[in-house]
Amino acid sequence: MIYPSRFEEKIGFEKIRELIASECISPMGEHFVSKIRFSSNVEAIVKMLEQTEEFKQILQFGKPFPTGDYLDLREHLRGIQTPGSYLEKEPLFDLKTSLRTIAEVLTYIDKLNQAEFPRIKAMTEMLFFPKEVYESADKIIDDKGEIKDNASEILYEIRKKIASKQRQVYKATKKAFELAKKSGWIPENAEITVRNGRSVIPVKASDKRALHGFIHDESATGQTAFVEPGESFEINNEIRELENEERREIIKILTRFTDQLRPYLNDLFQLYRFLGLIDFIRAKALFSIKTEAHKPVITPEKKIELHDARHPLLLLAHKAQNKVVVPLDLSLDSNNRILVISGPNAGGKSVCLKTAGLLQYMLQCGLLIPVKEESELFLFDRIFIDIGDEQSLENDLSTYSSHLLNMKYFLRQANENTMFLIDEFGTGTEPQLGGAIAEAVLEELNHKKSFGVITTHYTNIKIAAEKNKGMMNGAMLFDSKEMQPLYKLQVGKPGSSFTFEIARKIGFPKYVLQNARKKSGDKAVSFDQQLQQLELEKLKIEKKERELASTESQLNNTLARYEQLKKSIEQSKKSILEQANQKALEIIESSNKAIEKTIREIKEGKADKKATKAARDKLASKKEILKKRGTPSPKKNNTQKLETIDDDKLKPGDRVTIKESDIVGELISIDGEDALVNVNNVRLRTSFEKLEKSNASTKTSTGQYKSSRAGIMHDINKKAANFSLSIDLRGQRAEEAMSVLKKYIDDAILLNIKEISILHGKGYGILRDIIREYLQSVEEVHRFGDAPLDMGGSGITRVSFK
């Protein structure tokens with residue numbers, strides 16, 4: 001149930017409906033758009049959302065979907081239900097082309113993966129495609145919409161005779177034309193022409209009786225007559241008879257085809273309904289892509305949890321102007337069901353209210369909404385709104401009276417499954433009395449446990465929200481220094497209307513403002529300003545804290561990667577040295593054998609034994625030196641001496657060293673397998689297994705860490721300064737492009753980049769497929785796909801990292 005009757009117009013859904021309809025290919029899809037209705041049926045809504053979500057994946061990541069010839073033949077098919085009737089030539093051509101489209105759509109869906117697209121594939125399970133009907137239509141009519149000559153043997157013979165007779169007519173007319181030309185009966189530069197579907201000769205009016213034949217027409221001046229030669233006249237009459245036979249045969253062919261078609265009418269009705277439904281789902285998917293919409297979590301728990309919510313119409317308008325929409329975060333649950341939003345005019349209160357209402361309504365109409373996927377929404381049975389002016393001269397209804405009638409309806413119909421939205425609650429009458437009625441209405445709606453969002457400037461309503469359980473205040477933040485709204489909702493405290501500040505900004509007379517300030521009381525104005533400014537400062541501090549936490553996390557990740565890289569390099573170095581020394585030992589062994597042989601020969605030759613022994617000792621000495629080089633020795637450090645103590649004895653407060661590095665710090669805490677270490681006032685999270693106890697002096701370790709950290713940060717800053725958020729691989733060979741891309745992806749991961757664009761062009765899609773195959777193997781990649789159509793489409797791959 002929704003209220004009032006103009007609900008969709010007031011909430012902005014009529015425009016949403018128009019935009020979705022504009023994405024449809026056919027009137028069939030537009031008809032489904034016009035039938036969009038509010039529902040609280042969980043199963044039906046989930047089905048519609050998942051169908052749209054799956055089709056969105058097809059449009060973004062799949063092959064092009066068939067979009068040609070979405071024609072609706074159902075009206076013509078209804079007309080041939082009576083035996084003896086037949087389908088005309090033009091509808092038959094439309095039937096053939098639309099059946100071809102349906103076959104292409106069914107084939108496309110049949111090739112989809114069941115696990116990834118269960119909802120779309122389920123749509124085709126009960127459909128039957130009459131292949132013989134399409135084949136018969138294809139035999140009868142060609143791709144230009146004409147009945148084929150071989151549609152029947154009789155038709156073929158008739159058309160063959162017509163062609164022969166037409167050739168005879170041409171010869172006879174040509175012969176008569178040559179005769180008339182020689183005789184001088186034809187005006188200068190005249191040629192054979194056509195009148196009443198017959199070939200005629202233009203003859204001078206004075207000579208029209210000289211050429212035996214039938215006069216069809218005269219020129220405007222009456223000086224020229226158009227004569228059909230007598231010989232061709234008779235042949236043309238025969239052609240007319242043949243054409244009548246041709247039409248009768250075509251009707252017989254169409255009647256036989258229609259008789260063959262009639263048993264499949266119910267199947268065809270279902271196929272055309274399916275085609276319209278596919279068009280509708282495709283249109284919803286296209287709209288969701290443009291509005292960056294997703295499927296939120298539908299929860300049985302009564303709550304509304306919106307994260308990064310944006311008004312779809314505002315989002316599209318801002319995109320067109322290259323502006324950014326400030327997202328909305330909103331949370332309502334059983335403890336805080338009603339949100340009272342206050343703040344300055346033009347600060348975003350009404351947009352906030354309409355965003356919450358429109359997104360809830362869109363969801364319950366089966367549409368994806370522009371929020372984060374982790375957002376959660378309960379499906380309400382009733383949604384009521386009171387927005388805008390309902391003043392009516394015909395019904396003698398004032399603005400305030402219309403508001404009261406709405407409140408009356410709310411109070412009668414609202415229950416615990418109701419969501420209500422009220423803009424500028426209590427306005428339209430004397431403030432004190434209007435505020436009192438508004439407060440009483442709000443308390444009653446709260447008593448009924450309804451959910452709602454209202455906007456107001458009234459202080460008594462703000463106070464009521466503060467003191468009553470189930471309600472809470474919220475403020476649209478305003479920068480009192482810059483004098484501009486921030487369009488951000490802050491829940492917990494009421495907001496100021498900034499009446500004096502806004503009046504001063506627009507140039508209101510100062511002496512009038514001073515007088516107004518005295519009447520309102522300086523303390524009240526000052527307190528209001530201080531409260532809002534404190535909230536603003538609090539917001540800035542929270543933002544800085546988040547930035548610092550993010551930077552610290554990034555630094556920890558970077559240091560861990562550098563430690564791993566350093567360890568890898570050391571292992572590689574050790575392996576290379578061992579291999580080199582081993583090779584040297586082999587060479588020495590080989591040389592030793594050669595020398596031994598030489599010595600043996602010397603002995604046999606009775607050479608000097610002392611000289612032989614000296615040569616052998618020298619060679620043995622060299623061999624021992626190479627062996628020692630091949631054996632790794634313990635690493636020595638002249639600046640500090642480390643004592644390794646059993647890890648189990650480590651406790652907070654100990655001086656520790658991170659293994660495989662020179663980093664020394666103080667152990668702050670131990671959390672399972674992780675440990676937090678303070679290094680030069682920077683908190684570093686690392687694995688507990690990497691720690692060992694150290695007696696190094698603070699001065700030395702700090703200096704070493706500073707040096708290590710400075711080098712790392714220098715490398716990171718240099719990479720960050722030169723890093724581009726897009727890379728152009730067009731024109732490169734696959735091997736060359738992949739080499740460049742892999743280094744680019746590594747740098748992006750190292751620098752904690754969230755999103756990049758890879759420009760590879762369209763072409764045959766070979767480079768695109770290779771790139772995406774590689775991206776699937778990168779663990780840090782969260783998702784990837786085509787860029788939006790207005791930003792390059794399938795020629796660019798957008799990549800998001802975890």
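This passage describes the overall make-up of a predicted model and then several of its salt bridges.

The chain contains 23 helices and 24 strands. It is 802 residues long, and 42% of these residues count as buried. The accessible surface of the chain is about 45,300 Å², and carbon and sulfur atoms account for 51% of that area. When contacts between residues at least 6 apart in sequence are considered, 69% of them join residues at least 24 apart.

Side chains of opposite charge can pair when their charged atoms come close. Across the whole structure, a search finds 33 salt bridges. Three pairs and one network are described here in turn.

One of the pairs lies within a single helix. Glu18 and Lys15 are both part of helix 2, which spans residues 13-22. Three residues separate the two positions in sequence, about one turn of the helix. The closest N and O atoms of this salt bridge are 4.0 Å apart. Glu18 has a relative accessibility of 48% and counts as partly exposed. Lys15, at 42%, also counts as partly exposed.

Another pair is formed by Lys372 and Asp308, whose side chains meet in a salt bridge with an N to O distance of 3.7 Å. Lys372 is in the loop between helix 13 (349-363) and strand 10 (376-377), whereas Asp308 is in strand 7 (residues 304-309), so this salt bridge ties together parts of the chain that are 64 residues apart in sequence. Lys372 has a relative accessible area of 39% and is therefore partly exposed. Asp308 counts as partly exposed as well, because its relative accessibility is 27%.

A salt bridge also joins Arg772 and Asp786, with the closest N and O atoms 2.4 Å apart. Arg772 belongs to helix 23 (residues 766-776) and Asp786 to strand 23 (residues 781-786), so the pair ties together a helix and a strand at positions 14 residues apart in sequence. The cut-off for a buried residue is a relative accessible area under 20%. Arg772 has a relative accessible area of 8% and is therefore buried. Asp786 counts as buried too, because its relative accessibility is 18%.

Salt bridges can also be linked to one another. In this model, Lys96, Arg100, Asp138 and Asp143 are linked in a network of salt bridges.

Note on methods
Residues numbered from 1 in each chain as written. Predicted model: local features only at pLDDT ≥ 70, side-chain atom pairs only at ≥ 80, totals over all residues. Heavy atoms only, no water. Helix = DSSP H or I, 4+ residues; strand = E, 2+ residues; numbered from the N terminus. Buried < 20%, exposed > 50% of the residue type's maximum accessible area, 1.4 Å probe, protein only. Contact = heavy atoms within 4.5 Å. Areas by Shrake-Rupley, 256 points an atom, 1.4 Å probe, with all protein chains shown as cover.
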